[in-house]
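Dear colleague,

I am handing over the structure below, and after it I describe what was found. Please keep it open beside this message while you read.

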Amino acid sequence: MATARLIVSDFVMSFMWVWSSILVKLFVFKVLEMGHGAKGETIKCALSIANMFFFAFLGKVAKGGAYNPLTVLSGAISGDFTSFLFTVGARIPAQVLGSIIGVRLILDTFPEIGQGPRLNVDIHQGALTEGLLTFAIVMISSGLAKNIPGSFFMKTWISSVSKLALHILGSDLTGGCMNPASVMGWAYARGDHITKEHILVYWLAPIEGTLLAVWTWRLLVKWPIKEEKAVTKPKKTN
């Protein structure tokens, strides 16, 4: 029952996530008619952070539901093999399917909305960009989980601002997505979801960045502990 709930939660949250980002843009640029000036971009950033708070709250209510494959993958890497298979075989496909259906309905409802994030640089620079952005956000999330274990507001605030800053850094290059499922929804709608550029830049590079971040964090956390134990280990008396 718990596994089915997680799959449904992932599907629904992924569907809602692709819609929320579009609704924020429509509200700022169409309803408020603020344009792309400093005021409009500031309002959009503020609403984006509020939106991430909302989805963080949904994740708590859904008891682990997520809209980003990299979020569940980083946790699955640290778990057992059964959890890893469940994540790769069920949760990530549910997130991809939710994103695809969400984007399809967006384009049917707002055909003028555009075609989603695109690669604006060469494939190698794009892969490096997405990989580094993913590595950074996974490292930040790991640090927050360890150092601020109980504060929902503080963790969500730091995580949201970090994600927004990294998104802005990579927006002109790859879209700064750090979410393969969301990008897959737009790529599927355009018909370029099986191209080398999409698979390498928006799937393989973020997955490699996630793996490297998890392994790096394990090394950074375990090494000081081992060093401390070696220093504080009592000497045997003769």
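The model is a predicted one, and a good place to begin is its largest nonpolar core, which has 10 residues: Leu-73, Ile-77, Leu-133, Ile-137, Val-138, Met-139, Leu-166, Met-178, Ala-213 and Val-214. Three helices, α3 (69–78), α5 (123–147) and α8 (196–232), each supply at least two residues of this core, and α5 gives the most to it, with 4 residues. If you look at Ala-213 and set aside residues up to four places away in sequence, you will find that Ala-213 touches Phe-135, Val-138 and Met-139. Apart from this core lies another, of 9 residues, and among them are Trp-17, Ile-49, Phe-55 and Leu-58.

Thr-210 is also worth a look, and it is found in helix α8. Is Thr-210 buried or exposed? Thr-210 counts as buried, because its relative accessibility is 0%, and the cut-off for buried is under 20%. Leaving aside neighbours within four places in sequence, Thr-210 is in contact with Leu-70, Ser-74, Ile-77, Thr-134 and Val-138; of these, Ile-77 and Val-138 are also listed in the largest nonpolar core.

The UniProt record, an unreviewed entry, places the feature "transmembrane region" at residues 12–32, 44–62, 127–145, 165–188 and 200–220. Two of these spans can be compared with the model, as follows. Over residues 127–145 the chain is 100% helix and 0% strand, with the end C-alpha atoms 27 Å apart. Residues 200–220 are likewise 100% helix and 0% strand, and here the end C-alpha atoms lie 28 Å apart.

Turning to the pairing of helices, the axes of α1 (residues 2–31) and α4 (residues 81–109) come within 8 Å and cross at roughly 35°, and this crossing is right-handed. The residues of the contact of α1 with α4 divide into 15 nonpolar, 7 polar and 2 charged. Within helix α1 you can find Leu-6, which is buried, with a relative accessible area of 15%. Although Leu-6 and Ala-90 are 84 residues apart in sequence, they are 9.4 Å apart in space, C-alpha to C-alpha. With neighbours within four places in sequence left aside, Leu-6 is in contact with Ala-62, Lys-63, Gly-64, Gly-65, Phe-86 and Arg-91.

Finally, please look at the backbone of two residues. Most residues other than glycine have a negative phi. Glu-33, however, has a positive phi of about 55° although it is not a glycine, and the same description, a positive phi of about 55° in a residue that is not a glycine, holds for Met-178. Where does Glu-33 lie? Glu-33 lies in the loop between α1 and α2 (38–61), whereas Met-178 lies in the loop between α6 (152–170) and α7 (180–190). Glu-33 counts as exposed because its relative accessibility is 64%, and the cut-off for exposed is over 50%. Met-178, on the other hand, is buried, with a relative accessible area of 7%, and Met-178 is one of the residues of the largest nonpolar core.

With best wishes

Definitions and conventions
Residues numbered from 1 in each chain as written. Predicted model: local features only at pLDDT ≥ 70, side-chain atom pairs only at ≥ 80, totals over all residues. Heavy atoms only, no water. Axes fitted to C-alpha atoms, helices over the stretch in contact; angles between N-to-C directions. Left-handed = near helix turned anticlockwise from the far one by under 90°. Nonpolar A, V, L, I, M, F, W, Y, C, P; charged D, E, K, R; others polar. Core = buried A, V, L, I, M, F, W, Y, C linked by side-chain atoms within 4.5 Å. Buried < 20%, exposed > 50% of the residue type's maximum accessible area, 1.4 Å probe, protein only. Contact = heavy atoms within 4.5 Å. UniProt positions renumbered as here; feature names shortened; annotations may be inferred.
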